[in-house]
Amino acid sequence: MRPIAIFDTTLRDGEQAPGFSMSVEDKLRLARQLERLRVDVVEAGFPIASDGDFEAVRRIANEVREVSIAALARTSPGDIRRCWEALEGATRPRIHTFLATSDIHLRHKLLKSRAKALDTVVEAVELARSLCDDVEFSAEDAGRSDPEYLRTVVAAAIEAGATVVNIPDTVGYCLPAEYGALIASLGDVEGIEDVTISTHCHDDLGLAVANSLAGVLNGARQVECAVNGIGERAGNASLEEVVMALQVRSAELEMETGVNTRELYRTSQLLSSVTGMDVQPNKAIVGKNAFAHEAGIHQDGVLKHAATYEIMTPESVGVPQSRLVLGKHSGRHALAARYRELGYQLSEADLARAYTLFTKLADRKQPIYDDDLRSIVNVGLTVVPTTFALKQFRLVGQSDAVCAVTLGVEKGGALYTGSATGDGPVDAIVRAVNQIVAANGRVLEYSAKSVTRESDAVGEVFMRVDFDGMIVVGRAASTDLNIAAARSYLDAMNKVARLVSRECSKAAAVEFPGIS
Ligand code: KIV
Ligand code: ZN
């Protein structure tokens with residue numbers, strides 16, 4: 001079996017996609033889960049892009065120890081040095097530098113000749129290599145580059161010290177046979193046997209996974225991919241699809257990854273809950289319907305022998321059997337045992353908090369499903385200190401167009417109340433909270449979903465809120481969607497309050513003068 005390294009770019013290319021930005025804490029949680037998933041490399045961010053990106057890479061490098069941590073840099077010395085500053089605490093750091101090699105990028109974006117670009121690559125890789133033992137060079141838009149020029153650049157990058165050469169199909173243009181041939185054409189470049197060839201395929205034509213597989217079939221030994229296939233535009237190759245294709249067809253492909261496939265579903269769910277973006281129900285491997293059999297003939301077949309219609313088992317990717325688990329009389333030990341079965345290693349403190357949330361939920365809803373328990377961990381156990389807490393909530397009246405709410409918000413032991421009307425309950429809630437705390441928050445994005453399917457299901461609400469230019473996300477869950485919306489808005493405020501208390505310069509400009 002030939003080992004294929006899985007390079008996860010969820011936190012870098014994935015996070016670049018609109019609607020997928022994540023806080024430092026969220027990135028850290030995901031990086032820890034990617035470590036549990038046993039990917040080979042976690043690309044943690046693009047340190048020069050913002051202070052937040054730098055901080056996320058630095059913390060992941062220092063705290064996630066069992067995996068290589070990569071970060072992206074353009075070819076300028078400032079980018080590369082900043083990248084190294086963020087990475088240097090990692091057990092196995094990797095600087096990932098890139099420059100476009102296609103004529104269309106060189107002419108219209110970089111305004112560089114081929115010769116100048118070649119020199120730039122050599123200087124960048126040499127500098128990166130003087131700082132770090134592991135350096136990846138990416139030839140951006142390699143898929144549309146002149147193959148001869150690409151070979152020259154790859155050879156020069158190897159000579160300058162690159163340990164990995166990445167051949168991105170940046171715009172998702174290649175067909176599988178074409179992409180495979182491009183990878184194969186690098187096979188006799190001088191020094192290629194001493195480095196790893198990597199694929200990085202975008203999904204603009206829905207071919208990212210097929211192209212990645214064509215890449216490994218033609219000599220690549222690393223695949224760059226993202227959980228749920230997120231990434232620029234149509235996204236990157238989906239990690240779970242690449243990994244399961246390699247596993248399900250391992251006999252034919254004679255390749256293997258080190259990924260613990262039983263963590264795939266949980267990783268996908270965590271990303272959805274952190275970003276508020278669900279995958280479509282028919283998404284391969286991790287979609288809600290990926291293992292659902294609706295047609296009578298299919299159900300009959302699966303009942304007689306699962307392999308009739310299932311090429312892999314739900315268990316192999318960690319999809320739980322939707323089974324009824326705990327009720328209000330269940331104790332803390334039963335809860336701890338169920339969390340262990342679901343694969344969560346909760347600390348004593350987290351278990352205690354999860355148990356409190358579980359008992360509150362069990363008072364309102366029976367039975368409690370695995371998805372409810374997951375929601376408790378993913379949404380309820382966030383580490384944001386509660387500066388503002390929802391204490392009272394009343395939907396006063398609702399007509400076709402107008403809705404009125406009265407809220408009580410507690411801060412520091414004092415209760416502040418206020419009412420507002422709005423165009424629907426969420427609008428009224430936001431206005432009421434803004435009025436109580438004299439804030440200027442504006443909801444940029446709102447999504448609500450039910451965690452399980454019954455009428456008393458827990459609903460999760462996700463919001464992206466703009467507080468005077470500072471964008472934060474809020475999340476909360478409740479059996480009452482309006483209460484979840486109010487808590488989600490307050491969760492976003494609590495994140496701002498915490499940043500203000502840390503005297504973060506940008507956040508210090510954001511205050512809530514109504515409650516000081
Ligand atoms: O798509 C791309 O070319 C990239 C590179 C920076 C690797 O994301
Ligand atoms: Zn990309």
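How many salt bridges does a search of the whole structure find? In this predicted model, the search returns 32 salt bridges. Side chains of opposite charge can pair when their charged atoms come close. A few of these pairs are worth walking through, together with their surroundings.

A convenient starting point is the pair formed by Arg32 and Glu63, whose side chains meet in a salt bridge with an N to O distance of 2.9 Å. Arg32 belongs to helix 2, which covers residues 24-37, while Glu63 belongs to helix 3, residues 51-63, so this salt bridge ties together parts of the chain that lie 31 residues apart in sequence. Arg32 is partly exposed, its relative accessible area being 33%. For Glu63 the relative accessible area is 33%, and this residue is likewise partly exposed. The pair also has company: Arg32 and Glu63 are linked with Glu25 and Arg59 in a network of salt bridges.

A second pair joins Asp79 and Arg74, with 2.9 Å between the closest N and O atoms. Here the two partners fall into separate accessibility classes. Asp79 has a relative accessible area of 4% and is therefore buried, the cut-off for that class being under 20%. Arg74, on the other hand, counts as partly exposed at 43% relative accessibility.

Helix 4, spanning residues 77-87, supplies a pair that stays within one element: Glu85 and Arg82 both lie in this helix, three residues apart, or about one turn. Their side chains meet in a salt bridge, at 3.4 Å from N to O. Glu85 is partly exposed, with 43% relative accessible area, and Arg82 is partly exposed as well, with 23%. The value for Arg82 can be read against the cut-off, because buried means under 20% and partly exposed covers the range from there up to the exposed class, over 50%.

Away from the charged pairs, Thr9 offers a view of a buried site. Thr9 sits in the loop that runs between strand 2 (5-8) and helix 1 (10-16). At a relative accessibility of 0%, Thr9 counts as buried. Which residues is Thr9 in contact with, leaving aside its neighbours within four places in sequence? The contacts of Thr9 are Gly14, Glu43, His200, Cys225, Ala226 and Asn236. Thr9 thus combines a loop position with a buried setting, whereas the helical residues Arg32 and Glu63 are partly exposed.

Terms used:
Residues numbered from 1 in each chain as written. Chains lettered and ligands numbered in written order. Predicted model: local features only at pLDDT ≥ 70, side-chain atom pairs only at ≥ 80, totals over all residues. Heavy atoms only, no water. Salt bridge = Lys/Arg side-chain N within 4 Å of Asp/Glu carboxyl O. Helix = DSSP H or I, 4+ residues; strand = E, 2+ residues; numbered from the N terminus. Buried < 20%, exposed > 50% of the residue type's maximum accessible area, 1.4 Å probe, protein only. Contact = heavy atoms within 4.5 Å.
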